[in-house]
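Notebook open, coffee at hand. Here is what I looked up today, in the order I went.

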Amino acid sequence: MSKIIISFKGATIAEHELRPGEMTIGRKSSADIQIDSLAVSGTHAKIVTAGDIVTLEDLGSTNGTFINNEKITSHQFKNGEAAQIGKHTITFVAGPAAHVDEDDDDEDEFEKTVVLGVNAMPAAPPPPAQQPVPQPGVGSPSPATPQIGGLQILNGPRSGMMFNLTKSLTNVGQKGHCAAVISRRGGGYHLAHVDGPNPPTVNGEQLGKQAKTLTDGDIVEIGTIKMQFHSAVQN
């Protein structure tokens, strides 16, 4: 079953499974999904679930509903997509597909781990981080271009492959087993567990409820797949 995860300042505060039909979001206690914040209208928005299609609709709220910093009135959710309501973040996690192929016992384990919204390319050594060097007779250097991070697969048949993390949200993992989302914000990358009984690990330590800021060289394990995070990769 699909669900939404409500977080505040990076910490998960609630999870709600989505039932078919409409579910309201608001500050009022009568809302199906209550968010007790003055930045949230009494009846702020609603989520409409019709089969595999889940739509978020703003209900004329005072402060608006935003996705990717754009104000929306109606938006069809994609798996892992996050909406901003007041000061809270609502992340949509799609449930398992309605039909599952039962003849995949021999499928490679990596194929069972889904990496969405990233661009794959053969591995290239990440360049060393460079600081701008002032030139004689020249004013202050131009601001450095933000670096693009990446995940490099360390095991399995795709060992060595690099996935560039170019999007604001990247979903990684297998639904119902171990799913996570990597958010790109504030000049860094942050890993959060969103679904499944087995949280990802970073350098051997399981993730808790709060997102983990990734640093260069971190070893990330999601399911049986081991990856290394690089803070800067070649485009």
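How much space lies in the largest pocket? I found about 1000 Å³ there. A reminder to myself: this is a predicted model.

Entry on the lining. I counted 36 residues around the largest pocket, and Ala82, Thr89, Ser168, Leu169 and Ser183 lie nearest its centre. The elements that give two or more residues to this lining are β1, β7 (65–67), β10 (82–85), β11, β16 (169–174), β17 (178–185) and β18 (188–195). Sorting the lining by class gave me 17 polar, 11 nonpolar and eight charged residues.

Entry on location. Why does the largest pocket lie between domain 1 (3–93) and domain 2 (150–230)? Both domains give residues to the lining, so I place the pocket between them.

Entry on β1. Since β1 is among the elements of that lining, I looked at this strand next. Strand β1 covers residues 3–8, and five of its six residues are buried, so the rest of the structure largely encloses this strand. For buried I used the cut-off of under 20% relative accessible area.

Entry on the partners of β1. On one pairing, β1 runs antiparallel to strand β11 (residues 88–93), with six bridges joining them. On another, β1 pairs with strand β2 (residues 11–17), also antiparallel and over six bridges. Ile5 is a handy marker for both: Thr91 stands opposite this residue in β11, and Glu15 does so in β2.

Entry on the turn. β1 and β2 form a hairpin with two residues between them. In that turn I noted Lys9, which has a positive phi of about 55°.

Technical notes: Residues numbered from 1 in each chain as written. Predicted model: local features only at pLDDT ≥ 70, side-chain atom pairs only at ≥ 80, totals over all residues. Heavy atoms only, no water. Buried < 20%, exposed > 50% of the residue type's maximum accessible area, 1.4 Å probe, protein only. Helix = DSSP H or I, 4+ residues; strand = E, 2+ residues; numbered from the N terminus. Pairing = 2+ DSSP bridges. 1 Å grid on protein atoms, 1.4 Å probe; cavity = no way out; pocket = protein on both sides within 12 Å on 5 of 7 lines; lining within 4 Å. Points joined across faces, edges and corners; volume = space filled by probe spheres on them. Nonpolar A, V, L, I, M, F, W, Y, C, P; charged D, E, K, R; others polar. Domains from an automatic or database assignment.
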